[in-house]
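Colleague: I would like to learn how to read a model of this kind, going from the overall fold to helix packing and then to single residues. Could you take me through it step by step?

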Amino acid sequence: MSEWLVLAIAMALVCAVVLAFTVLRHRRAAEDEDTSETPDVIEYMTMMVGVVYAIVLGLAIAGVWEARGAAEDDVRREAQSLYEVTQRAEVYPAPVRDRIREEVGAYVAHTVSVDWPLMVDNQPPSPRGAELLGQLRTDVTHQEPKDELQAQAYQPLLDHIAVADDARHSRTQSAEATLPGVVWFGLGTGAVVTIGLIFALQIRRSSRELLLAGLFSALIVFLLFLVWSFDAPFGRSGFDSAAPFEDLFPSVTAAVVR
């Protein structure tokens with residue numbers, strides 16, 4: 001089921017519950033109940049709870065957004081470093097150059113086809129990726145430069161492999177969800193309390209008030225969905241977050257993504 005479909009269903013359900021509860025409350029209210037006046041203390045408490053929850057929700061969105069951006073930077077850094085390795089290997093003889101590029105391609109294919117689904121499912125990556133990268137580092141390290149051009153490319157090759165290795169470790173460590181369970185409990189409880197306080201204002205069954213209540217409830221659901229979506233640094237499904245590898249190694253990742 002699509003994430004957007006889930007969001008639409010959740011927003012519709014919450015709006016329906018809020019509107020239905022409002023209508024039922026209005027029907028069961030006493031005939032002499034005065035809904036035109038709301039005590040000032042209730043208005044003040046409602047405002048304060050809404051402001052506090054908005055701050056907490058904003059901090060949660062900022063936190064998961066920052067984590068998503070850091071994860072994307074790690075992926076770009078890893079892919080770009082490996083791409084530089086394939087380009088700088090041009091100065092080596094054809095057998096050496098082809099072997100280096102094949103090892104890079106094998107690592108990229110393994111990363112996209114094996115590690116990515118594991119990261120999306122919040123599982124630890126396969127150790128095979130570290131083995132492939134270690135094999136690439138060993139082959140480059142043991143390749144003795146034969147001329148000045150190869151000598152100039154030797155150290156940058158090792159540096160780019162080291163950067164790719166560091167980016168890989170950062171990527172695997174940031175694959176887990178950003179927000180702990182206690183934060184989600186607070187966000188969910190705060191949403192229920194915030195929406196529940198609508199009824200403390202003694203809203204009536206007018207079209208304007210019902211519309212505002214429904215829109216407010218839908219907005220809370222959408223913001224929680226936003227936090228949930230960004231809480232997975234590499235997405236909830238698919239290979240969209242592997243775009244840097246697809247852009248720089250199209251021939252390697254084309255068959256994998258399909």
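Modeller: Let us begin with a term that we shall need throughout: helices and strands are DSSP runs, with at least four residues for a helix and at least two for a strand, and they are numbered from the N terminus. Leu118, for instance, lies in helix α3. Please keep in mind that this is a predicted model.

Colleague: How many helices and how many strands does the protein have?

Modeller: The secondary structure consists of 9 helices and 0 strands, and the order of the elements from the N terminus is accordingly written α-α-α-α-α-α-α-α-α. Among contacts with a separation of 6 or more, 82% join residues 24 or more positions apart.

Colleague: What share of the residues counts as buried, and what part of the accessible surface belongs to carbon and sulfur atoms?

Modeller: Of the 258 residues, 36% count as buried. The accessible surface comes to about 14,400 Å², and carbon and sulfur atoms contribute 62% of that area.

Colleague: Turning to packing, how are two packed helices described?

Modeller: One gives the angle between their axes together with the distance between those axes. In the case of α3 (94-120) and α4 (residues 128-141), the axes come within 9 Å and cross at roughly 165 degrees. Because angles over 145 degrees count as roughly antiparallel, α3 is roughly antiparallel to α4. The crossing of this pair is left-handed.

Colleague: Which residues of α3 and α4 meet?

Modeller: From α3 come Arg99, Ile100, Glu103, Val104, Ala106, Tyr107 and His110, and from α4 come Arg128, Gly129, Leu132, Leu133, Gln135, Leu136, Asp139 and Val140. Sorted by class, the residues of this contact are 8 nonpolar, 3 polar and 4 charged.

Colleague: At what angle do α4 and α5 pack, and how far apart are their axes?

Modeller: The angle between α4 and α5 (residues 148-173) is about 170 degrees, and the axes lie 10 Å apart. By the cut-off used above, α4 is therefore roughly antiparallel to α5. Here, too, the crossing is left-handed. On the α4 side the contact involves Gly129, Ala130, Leu133, Leu136, Arg137, Val140 and Thr141, which meet Tyr154, Leu157, Leu158, Ile161, Ala162, Ala164, Asp165 and Arg168 of α5. The classes in this contact are 10 nonpolar, 2 polar and 3 charged residues.

Colleague: Now to the loops that join these helices: is Ser126 buried or exposed?

Modeller: Ser126 sits in the loop between α3 and α4, and since residues under 20% relative accessible area count as buried, Ser126, at 17%, is buried. When residues up to four places away in sequence are not counted, Ser126 touches His110, Val114, Asp115, Leu118 and Arg168. Seen from the other side, Leu118 is in contact with Gln123, Pro124, Pro125 and Ser126, its neighbours within four places again being left aside. Leu118 also illustrates separation along the chain, for Ala175 is 57 residues away in sequence and 9.1 Å away in space, C-alpha to C-alpha.

Colleague: Where is Gln143 placed, and which residues does it touch?

Modeller: Gln143 belongs to the loop between α4 and α5, and with 13% relative accessibility it counts as buried. Not counting residues up to four places away in sequence, Gln143 touches Tyr92, Val96, Arg99 and Tyr154. Between Gln143 and Val96, which are 47 residues apart in sequence, the C-alpha distance is 8.3 Å.

Colleague: Is Glu176 buried or exposed?

Modeller: Glu176, found in the loop between α5 and α6 (181-196), is exposed, with a relative accessible area of 57%. An exposed residue may still be examined for contacts, and Glu176 is in contact with Asn122, Asp231 and Pro233, its neighbours within four places in sequence left aside. The C-alpha atoms of Glu176 and Pro124 are separated by 8.9 Å, with the two positions 52 residues apart along the chain.

Colleague: As a last case, which residues does Leu224 touch?

Modeller: Leu224, in helix α7 (residues 207-230), touches Tyr53, Leu57, Trp184, Leu187 and Ala191, not counting residues up to four places away in sequence. At 19% relative accessibility, Leu224 counts as buried. The C-alpha atoms of Leu224 and Ala60 are 9.4 Å apart, although the two residues are 164 residues apart along the chain.

How values were computed
Residues are numbered from 1 along each chain as its sequence is written. This is a predicted model: local features need pLDDT of at least 70, side-chain atom pairs count only at pLDDT 80 or more; totals for chains, interfaces and linings use all residues. Side-chain values use heavy atoms; hydrogens and water are left out. Axes are lines fitted to C-alpha atoms, for helices over the stretch in contact, and angles run from 0 to 180 degrees between N-to-C directions. Angles under 35 degrees count as roughly parallel, over 145 as roughly antiparallel, 65 to 115 as roughly perpendicular and the rest as oblique. A crossing is left-handed if the near helix is turned anticlockwise from the far one by less than a right angle, and right-handed if clockwise. Contact means heavy atoms within 4.5 Å. Ala, Val, Leu, Ile, Met, Phe, Trp, Tyr, Cys and Pro count as nonpolar, Asp, Glu, Lys and Arg as charged, and the others, Gly among them, as polar. Buried means under 20% relative accessible area, exposed over 50%, partly exposed in between (1.4 Å probe, protein chains only). Accessible areas come from the Shrake-Rupley method with a 1.4 Å probe; for residues, only the protein chains shown count as cover.
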